[in-house]
Amino acid sequence: MGVSLPQGEREYETVRWRFGGINRRDRIDTGEFTDMCGISSEGDYLVTDPPFARSTEISKRYDIPVQVESFDDFQLVLYINEGGALMADMIVPNTSTTTVLVNENNKIGDQKRSVVLFNVCEMEDGNIASAVFKPTILVFPDKKSFPATPTVAEDITAADLGTEYPNLITATSFQGRVFGSDGTRVFASEYNNYAGWNLDTAEESLSSNAWVTTTQTNVRADDIITGVTVYQNHVVVFKRGYMHMIYGTENPFRLVDIGERGAVGIRAYCEVNGILYFASSGGIYAFDGNSVTEMSRNVLTTGEAIGEDTVLCGDARYLYVITGEDSLRYDTTYGVWTRLNLPEMVNVKDASANNSAQHNVHILCDDGAYTPNAEKVCDMEWYAETDLLCLSRMDIRRIKKIQIMGVADTQYGDCEVSVYLLRRGEEFNTDAHKPVAQKMFTAGHGERVFMLRTLIRMFSSVGHRVRIVGKGAVRILGIDMKLSYGGDLYVTE
């Protein structure tokens, strides 16, 4: 419906050198992307992410996987065996797996557990010079314990903590004690004794004794406790809609109210780069010790469900968020979101990360475990789609030319880049839309700097979106568009 323009029309040029992350709420002239997957904005360019491929550390496929835990020296996988018992594999690379029978009488099936690593300090005659730390793994609500010795390469049966032990459903380890909750009360074990629960009495009160308190004195905080974790030298207690913090280093401790935001489930919180992130019913939030900030306004739409099975984990830089429908990643350095490029048809059961390095995350699925692997970058397709580029005007415009500058790294295989142009209101369809520009790079030629340039005809609209699709390791440095304005439509669209 465009009209012809006289000769000498004025042409305008717009260049985008810097890029933002995903913004699904504001979709016009934001400088961000309505969606992206397998590629992210880091610094002044877009760069493809290492895709998820089968883990070389966790090579076994479990029929009924439950969850995965990442420790400094090993991976712990909980799963259900053929007889319905809860099992655990302690996995160290290049070492035979240590298998643990955790709970033969497993009554709660594949429900998520709370796994605590506790260091028991043993000394001879109170001599600190002879102190030996023995790491022990505790599993709740099963109330089981076993030594964290993943290199012994033998079968182990976990010990039962006994009926007198509190019925903890979530717990953590802090300053030589186990802090946990049975859903309504908060407990702290005796100092340096995860199995000791001697409480103060009228006749005796010791700083090393165990401690317990209720959490319903505040009627606005009358809810079930979903998680317990450690942050900034304090124990944080999450409810579904509230958050508490425990102050003190010895018995008696003090429970303090923080605010009316909570975590939806037992795996819905983690710490990354000194910030505590948690998934609430209203979105993803960040707690810095003083205030709570919503982080997911642009990436999760209003009313999007965040279920109790939501998993948050983080490595040295990235926060990984896996909900029922989305697998997202947040860059804590640049403050941008992207979508994880997971293999197709995988049912994610759990995820865990180690903060010792970037991209150090394990995702546990029905068909095995997956980790980021840069060498597999040519096996997965990535894409990024801009917002509606109106440039602050509602006039009809014509795209004359598109130029994209980038770098293709052919170290791990072929690279491919395709550019699509979409009008306002169009939804991308691989069958209906044809690329306006396309280029391929064969493997073995190192890094190739390219300028993808094409002239555009017959593409007038009040706004356009650019969609970039590709395979392989590619960096997009800049997008340049040349356009002209003109013509009027005296109809309602």
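This report walks through a predicted model of one protein chain, from its overall build to a few of its strands.

## The chain as a whole

Let's start with the big picture. The protein chain has 493 residues, and 52% of them count as buried. Its secondary structure comes to 41 strands and zero helices. Along the principal axes, the C-alpha trace spans about 100 × 50 × 45 Å.

How do the contacts spread along the sequence? Taking contacts between residues at least 6 apart in sequence, 61% join residues at least 24 apart.

## Surface and charge

On the outside, the protein chain exposes about 23,300 Å². Carbon and sulfur atoms supply 45% of that area.

The charged side chains come to 67 negative and 46 positive. The centres of these two sets lie 10 Å apart.

## An open sheet of four strands

With so many strands to look at, one general point helps: strands of a sheet pair through backbone hydrogen bonds, in either a parallel or an antiparallel way.

A good place to begin is an open sheet of four strands, in the order E15-E16-E17-E18, where the pairing is antiparallel. Strand E15 (170–174) and strand E18 (211–214) are the edge strands, each pairing on one side only. On average, neighbouring strands of this sheet are turned by 15° against each other, direction ignored.

Zooming in on one pair, E15 joins strand E16 (residues 177–181) through five bridges in the antiparallel sense. Here Ser 173 stands opposite Val 178 in E16.

## Strand E7 and its two neighbours

Is strand E7 (residues 75–80) mostly covered or mostly open? It is mostly covered, with six of its six residues buried. Both faces take part: Gln 75, Val 77 and Tyr 79 are buried on one side, and Leu 76, Leu 78 and Ile 80 are buried on the other.

E7 has a partner in strand E6 (residues 64–70), joined to it by six bridges and running antiparallel. The two strands form a hairpin with four residues between them, and Glu 69 stands opposite Leu 76 in E7. E7 also pairs with strand E8 (residues 86–91), again antiparallel and over six bridges, with Tyr 79 opposite Met 87 in E8. The hairpin of E7 and E8 has five residues between the strands, and in it Gly 84 takes a positive phi near 90°.

## Strand E35 and its three partners

Further along the chain comes strand E35 (residues 397–409). Because 10 of its 13 residues are buried, E35 is largely enclosed by the rest of the structure.

Which strands does E35 pair with? One is strand E41 (residues 473–485), in the antiparallel sense over 12 bridges, where Asp 409 stands opposite Ala 473. Another is strand E38 (residues 447–455), also antiparallel, over nine bridges, with Val 407 opposite Val 449. Two bridges join E35 to strand E39 (residues 460–461), and these two run antiparallel as well; there, Ser 460 is the bridge partner of Arg 398.

## A buried arginine

The last stop is a single residue. Arg 16 is found in strand E1 (residues 11–16). Why does Arg 16 count as buried? Its relative accessible area is 16%, and buried means under 20%.

Leaving aside residues up to four places away in sequence, Arg 16 touches Gly 31, Glu 32, Thr 386, Asp 387, Leu 389, Leu 477, Gly 478 and Ile 479.

Methods. Residues are numbered from 1 along each chain as its sequence is written. This is a predicted model: local features need pLDDT of at least 70, side-chain atom pairs count only at pLDDT 80 or more; totals for chains, interfaces and linings use all residues. Side-chain values use heavy atoms; hydrogens and water are left out. Buried means under 20% relative accessible area, exposed over 50%, partly exposed in between (1.4 Å probe, protein chains only). Contact means heavy atoms within 4.5 Å. Accessible areas come from the Shrake-Rupley method with a 1.4 Å probe; for residues, only the protein chains shown count as cover. Lys and Arg count as positive and Asp and Glu as negative; His and the chain ends are not counted. The place of a charge is taken as NZ of Lys, CZ of Arg, CG of Asp or CD of Glu. Two strands pair if DSSP finds at least two bridges between them. Axes are lines fitted to C-alpha atoms, for helices over the stretch in contact, and angles run from 0 to 180 degrees between N-to-C directions.
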